[in-house]
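Student: Before we discuss terms, could you show me the model and then explain what lies behind the words used for it?

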2 protein chains.
Amino acid sequence: MALKAQVLYDFTAEPGNNELTVKEGETLTITNQHIGGGWIEAQNSRGEIGLVPEDYIEVSWWPLCVVSVSSLSLSLFLSFIHHFYCSFIPHISPLYVIQASNGNDPWSVWNADPSGGSNNNWASNPEGTQTGKTAPDPWSSVSQGHPQAYQGPAEDDEWDDEWDDMKSTGGYAESESGDGGGIQRGGAHATSMKISLNKFPGFSKSGPELYLLCKQLTKGKDKLPIYVGEVGPVWFYPETQLDCVVADPKKGSKMYGLKSYIEYQITPSTTNRPVNHRYKHFDWLYERLLDKFGSAIPIPSLPDKQVTGRFEEEFIKMRMERLQGWMSRMCRHPVVSSSEVFQLFLTYKDEKEWKMGKRKAEKDETVGVMIFSTIEPEAPDIDLIEVDQKCEQFSRFTKAMDDGVKEILTVGHEHWKRCTGPLPKEYQRIGKAFQNLSSVFNSSGYQGESTLTDAMTAAGKTYEEIAQMFAEQPKKDLHFLMETNNEYKGLLGCFPDTIGVHKAAIDKVKEGDKLVATSKITPHEKVTMAKRVSVMSYALQAEMNHFHSNRIYDYNRVMQLYLEEQVKFYETIAAKLRQAHGQFTTM
Amino acid sequence: MALKAQVLYDFTAEPGNNELTVKEGETLTITNQHIGGGWIEAQNSRGEIGLVPEDYIEVSWWPLCVVSVSSLSLSLFLSFIHHFYCSFIPHISPLYVIQASNGNDPWSVWNADPSGGSNNNWASNPEGTQTGKTAPDPWSSVSQGHPQAYQGPAEDDEWDDEWDDMKSTGGYAESESGDGGGIQRGGAHATSMKISLNKFPGFSKSGPELYLLCKQLTKGKDKLPIYVGEVGPVWFYPETQLDCVVADPKKGSKMYGLKSYIEYQITPSTTNRPVNHRYKHFDWLYERLLDKFGSAIPIPSLPDKQVTGRFEEEFIKMRMERLQGWMSRMCRHPVVSSSEVFQLFLTYKDEKEWKMGKRKAEKDETVGVMIFSTIEPEAPDIDLIEVDQKCEQFSRFTKAMDDGVKEILTVGHEHWKRCTGPLPKEYQRIGKAFQNLSSVFNSSGYQGESTLTDAMTAAGKTYEEIAQMFAEQPKKDLHFLMETNNEYKGLLGCFPDTIGVHKAAIDKVKEGDKLVATSKITPHEKVTMAKRVSVMSYALQAEMNHFHSNRIYDYNRVMQLYLEEQVKFYETIAAKLRQAHGQFTTM
C-alpha cells in the first residue's frame, strides 16, 4: 500500500535542488521517507518526483472521516465492579537493568525547546498518534529504518518470523555480582513518539482536528458509553471481569526444523477454551490495540523482545510471566477487553476465523483520534477551562508518578544487586570465620572446650544460612515490587502520547475565535469542536479513573506482599539467631 | 648507667678497620650501638675503643644470678575461682583498621630463613627477652633509634612527655564510607622481637641459659607456686578477683598551659580508693611487667598510642575503654595482679610512695628468664619429650588462633563498614522512594487515595528507621566482638616471644649430652637444666590453662552478647515492618 500525503502549505521548489513545487490540498505519494534533513521525496498526481519539506505535508494514515462500524458486543459488560486479576506469575529471578532515560524520555517532548530543528521524520511527524515500535531517539540519524506504524499492515507471512522468536544473543549480560537470576532486560518499550504539533502558525487539519472537525460521526452499536460514578467519569465496566491464563509454552518448528518458535497457550475465563499464540501474534494484537485505542487509552508495550535469559527455560518463563501480566492488564480494561480484535485473539475457533478476523481488524478505520467519535458520555459538556485543567493535572500526575516509579526501580535494582551479591558473601564469611575459630578452639586440648565450640560452630552455620536467605529473598518479595513498577513504568511511558493528543485538541479549540475570524472554520464548527473536546476530556477522565483505581489496587497489593515477605524474612533470621544464642551456656 | 657486654667468642681485629680484638669472657662497655652492619662500638677494660661483631658479644642486662627478693604479698589469694571482670566499657564507635601483618608478623620468626643476615641489633639480639616498645621491622634500617628496653631506667622527668599525650595528627584518617565512628587505630602493639638464638655452633650462655645454669636460685617469700588442678598445672588464684575501674579522665596542664595531658582515675576493688595515672604511667607499668614476667607470661601491649579520634572526647573515651580492658586483664592474672609493682600502681598513697616504689621496681633484678627461678611447681618433674610436645602444641594453637582472630577482625571490619555505610544509605533510599511515590499518589485528586498513601508513607518511614538501626547496630554488638578479638590479637602477638624462650631452653637441654662431652657443662649441670626446663614447662602450662579458661569465658560472653543483640535487632525490624504491613487495607 503506497503511503499518501496531503500538502498543508504551498511550497515553491528552488531550481537545481531536486525539489518539487506543491500546493496546499494537493495529494502526494511518498516515494522515500529516508531522505533526512527535514526532507521527504514524493510524487505528485502528474508523476513528477522531488523533495518536499516534511513539515509542509501530512501523511494520510486513514481515510478521513470514513468510520466503519465494528460488531463490538457489549453484552458481557453490565456493571462497574472492582474485580481484578489474580496473577499466576511463577517465581523467577530477573536482574533489572534500569536504562538511563535521557534521550529516550517520552516526557521530554514537553520540555524540549519547541524551536528545535526537526531534522527527521519522528520529530516532525505531524500526526499526533502513537507508533507501534520502540521509539528511536528523535535526535539520532533518520537512517535507522522505517517505523512499522507508517507501513501498511504487514502481510500475513508466516515465514517472516526471525524477529519474533528467540535469537542467540551470544551470551547473556551478567551483572557485576555474578549472582542472582540470569534474566536481564531493558525497561519496557518506550512508546513515545515526539508529537510536534502547531509548528506553523495558522490552522492545519492534522492530528485531533480529524475528529474535532469531522462532518459525520459513526452511529450504531459500537458506542463506548461513559457514566459519571462516585469517582467521576468512568468507563462501562462488565459485571464479570475477563481474565486469562497464559501457560504451557511449547516449542514448535518449521521449515523441517530450521526455524523454531515458542507457542503459548492462552485460556480466557469466559470460554475456558485454550487458544495458541506465538509472540508475533501478541505483537500483532498490540499493534491493533495501539492503532485503535492509543489516542484515548495508553496501551502498554509488550514485554521487551530483548529479554535474554541464561537458559532457554528462564527466558521462556520470564517472557511468559510478562505476557501474562500484559494480558491480565488488557483483560482488566473494559474498553480493550470488550473490543472485537481482543475477543478474536482470545476466542478464535480455527485458523480460518483467525485469518479472517485479522484481515478485518487490519481494515478497521475507527483508529487513531477517530476512536473519540465512538465515545458517548452520559453527562453534560464541560467547558474548555475545566478540560484544560484536567488535562494539565493528569499530565503533571503521570509525569510525577513516572519519576517516582523510576526511583523505586533504581533503588530496587541496587538493593537486588546487594542482596544477591555482597551481602550473602559477607554473611557467609562471618559464618566461616566463626566456624574456623571454633575449630581452632577444638584443637586446644583444654577440657570442657566443646560447650563453647559446639555453640560457636552452630552460630557460624546460622550465619551461612542467613547468607543463603539473603540471596534468595529478592525472588520472594522484591521481584514483585519490581515487576509491578516495571509494568507501571511501561504504562506511564504511553501517557505523553495519549495526553499529547488531548493537548493538541485543546490548543486547537483555544484558537477557535481566531480560526472563525480568519474564516478557517465556521462558527458552527467552533461549537462542534468545543463539544468534541469535552467528549475527549470525558474519555481522558474515565481513563485516568480507571488508571487510579487499578493503581491503588496494584500498589496496595504489592506493598502488602512485599512487607509480608519482609516480615517473614527478618522473623526467620531472628528465630535462627535466637536458637544459635540458646546453645551458649551461661557460665 | 653504662651498658656492659660479655665477649662470647674470640675475635681478632683486622688492622686498619677500626676493629677491637677481644677474648671470650672479657667484659666490655658498649659505647655505640648504632653502628649498623652487624657491628657495635665497645671499650675494653684497658680503655681501648673499637668495633666488635655484635653476634660475638652478649649485652649484660642484669647482674648474673643475683636475684633480689621482693616483698610480694600472697595473703590475698586463696583459691582458684572463675570470677572475671565485668567491663565498664562505654559505647563508642571505632573503625577498625586491620593492618597487613606482613613484615611485622611476630609469628614469622619461626618461618624466617635462619641463615638470614643479622644486620641490626634487633635481629641479632642475643638475650631472648621481650622488648618494651613496638618492634621495628627487623629488616629495616638500624638508624631508627634506640629501643627503650636497652636503656637504663628512664629518669623520672615529668617534662619529658611529648610522646605521651595527644598530638595533633593533622586530621584523622577517615574510612571510605565516611560514616561510623571516627576512631581509627592500628592493631595492638606488636611486641614481637626477633629472637635469634644459636647462631653459632657450640654453647653460649645467652638467653634461657642464664636461668638453666644459674648457680644460686632465689629463696624466700616471693615464690610463685603452681598446682595441678583438674585442667592440669594452674597458677595460684586468689579467692577474691582483683578488679579496677578506669574512669573520669581529666585534662591537666603544665608549663603554664603550654603542655596538656590526660589523667585517668583508677579505683581498685580492694582499697576502693582512687589513684590517678597518666598514659605514660601505664606505659611505665607495662615496661616493668614485660621485663619481669614477659618470658613466662605474655604481657599484652597497651592500647596503641596512635589511636586518633575525630574529637578529643572520642579519643579519650576510646583510650580509656581500652586501658580499662588492659587493666582488667592484668587484674585477672593471678601472678601479675599480685606483683609488687602492679600493687604499687593501684594502691600508692602519695607521690613519695609512688616515686620510691618506682625506683625499687626499676632496680628489680628478678626479670627476664630469671622469673622462672621463683616458680615452684608442686608436682614431679616432666621429661624433655613431654616438655617439647607441650611447647609445640601451644605454639601451633596460638598461631592457629592468631589466624582465626585476624580473620574475624577482617570480616568484622568489612561488616562494620557495610553496616554503617552503604546499607543505611540503601534502606534510606528505599524509604524515600516509597514516601516520594506516596506523595505523588496523594496529588492524584482521586478519592479514597489516603488509605493507600498513609500506609505507603508509614512503610517508607519504617525503612528510614531501619536504615538508622543498621547504622547504629555495630556499636551495640559488633563493637564488643571486635574489641575482644582485637585484645586477643594483641595477646596472641606476645606468644611467639614467650614460646621462643621455651623453645630456646628446650634446644639447649637437648644439647645436654654434647655439652657434657665437650666439657662445656658438668653432668650435674645437665641434670639441673633438665629439672629447670621442667619448671619452665609447668609455668607455660599454667599460663596456657589460664589463657584457655579466660578465652572460653571471653568468647562465650562476647558471642552471647553479639547474638543477643542481633536477635533484638532483627526482631525489632520484623516488628516495625509488621506494624507497617498492618496499615495496608485488604481490598
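**Chain contacts and helix packing**

Tutor: In this model, 53 residues of chain A are in contact with 52 residues of chain B, where contact means that the C-beta atoms of two residues, placed from the backbone, lie within 7 Å. The model is predicted, so that local features need pLDDT of at least 70 and side-chain atom pairs count only at pLDDT 80 or more, while totals for chains, interfaces and linings use all residues. Residues are numbered from 1 along each chain as its sequence is written, and chains are lettered from A in the order in which they are written, with ligands numbered from 1 likewise.

Student: Which helix gives the most to the side of chain A that touches chain B?

Tutor: That helix is α13(A), with 20 residues; helices here are DSSP runs of H or I with at least four residues, numbered from the N terminus.

Student: Why are α9(B) and α13(B) called roughly antiparallel?

Tutor: Their axes come within 10 Å and cross at roughly 175 degrees, with axes fitted to C-alpha atoms over the stretch in contact and angles running from 0 to 180 degrees between N-to-C directions. Angles over 145 degrees count as roughly antiparallel, and α9(B) and α13(B) therefore earn that description.

Student: What makes up the contact of α9(B) with α13(B), by class?

Tutor: Its residues divide into eight nonpolar, three polar and four charged; Ala, Val, Leu, Ile, Met, Phe, Trp, Tyr, Cys and Pro count as nonpolar, Asp, Glu, Lys and Arg as charged, and the others, Gly among them, as polar. Among the residues that meet are B:Ile466 in α9(B) and B:Phe569 in α13(B).

How values were computed. Helix = DSSP H or I, 4+ residues; strand = E, 2+ residues; numbered from the N terminus. Parallel < 35°, antiparallel > 145°, perpendicular 65-115°, else oblique.
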